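User: Got a model open and want to talk through a helix and some charged pairs. Can you take my questions one by one?

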Amino acid sequence: MKIQVCLTEEKIARDFFSSLKRGKLEERFFYWFPLSVFAWLRLCQSRPYQNYRRSLELAKKASKELATGISGHSVQWLSLGSGQGTKEIPFLGALLKIKKKVRYFPLDSSQPFLEMAVAEGVKRKIPTTGFKANLELPEHLRQIPKPEEGEIQVISLLGNTLGNLGSSRLLKTLTGRMRRGDWLVVDGEIFQGEKTLAGYDHTLNRRFALAPLLSVGMTPEDGVLRFELGRPNQDGVARLSKSFLFKRAKEIFHSGERLSF
């Protein structure tokens, strides 16, 4: 299993502690703790969480059309925020079915999910290298090899990844990397107000949202978890925020320090 580390566990731990002290957790920390990994996998398998199922079904439907639409025989597939890699599987399978030569580069900041994604590529005998990295940092993206001569590059942002980031800097980095004939594959949920919110605000997703806090010694009884949907910005992207409002004073010990909330 080949994984190149651009983002170390020590760096993630320091960033998490700094983020916790500020009272604001970035999206990537929700996939770091073992409890978060188990909660996410269970969420994906649950029937109430339709967002994951819709995204996977969309990938399955689009895979054949994309595979046949790619010119040339060789493909470099770069998955940004790959997670466990399940949404790329239909595309990779469709490419292999029509005898395309594929190299697969999943990128994620979560070591457990990255291992799963790399294993999916290896299982299909695809040359695969995982990159443990923060996809919001251009210097990390630059460490991924450029396509070889005659190789078409496909960059995927699946699972509402772009919506989570809302990052114009990431798009600029991708634009600089892409050439004529390359593909950018993005999925996202079409904004439907309260219906969109209802797709996230249910029991299993609440357990997933609380997992980072439970991992550092907090309990559900310490406060109230709220899901709030913001209005679409000028680009039409709406952000779903999760907040934990303390009902009582709470102290935890983390990284040798006392944190008070």
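Below are a few questions and answers on this predicted model.

User: How far apart are the end C-alpha atoms of helix α1, residues 9–22?

Analyst: Helix α1 has 14 residues, and at 1.5 Å a residue it should span 20 Å. The distance between its end C-alpha atoms agrees with that: 20 Å.

User: Which elements do the buried residues of α1 pack against?

Analyst: The buried set in α1 is Ile12, Asp15, Phe16, Phe17, Ser19 and Leu20. Their packing partners are β4 (130–132), α10 (203–215), β9 (251–254) and β10 (257–260).

User: Which residue follows α1, with a positive phi?

Analyst: Look just past the end of the helix, where phi is positive, near 80°. That residue is Gly23.

User: Is Asp15, the salt-bridge partner of Lys11, buried or exposed?

Analyst: Lys11 and Asp15 have their closest N and O atoms 3.2 Å apart. They are 4 residues apart in α1, so about one helical turn separates them. Lys11 is partly exposed, with a relative accessible area of 31%. Asp15 has 18% relative accessibility, and under 20% is the cut-off, so Asp15 counts as buried.

User: What is the relative accessible area of Glu120, which forms a salt bridge with Arg124?

Analyst: The closest N and O atoms of Arg124 and Glu120 are 2.8 Å apart. Arg124 is partly exposed at 27%, whereas Glu120 is buried, with a relative accessible area of 18%.

User: How many salt bridges does a search of the whole structure find?

Analyst: One of them joins Arg258 and Glu251, at 2.9 Å from N to O. Shared partners also link Lys11, Asp15, Glu26 and Arg28 into one network. The search of the whole structure gives 16.

Technical notes. Residues numbered from 1 in each chain as written. Predicted model: local features only at pLDDT ≥ 70, side-chain atom pairs only at ≥ 80, totals over all residues. Heavy atoms only, no water. Helix = DSSP H or I, 4+ residues; strand = E, 2+ residues; numbered from the N terminus. Expected span 1.5 Å × (residues − 1). Buried < 20%, exposed > 50% of the residue type's maximum accessible area, 1.4 Å probe, protein only. Contact = heavy atoms within 4.5 Å. Salt bridge = Lys/Arg side-chain N within 4 Å of Asp/Glu carboxyl O.
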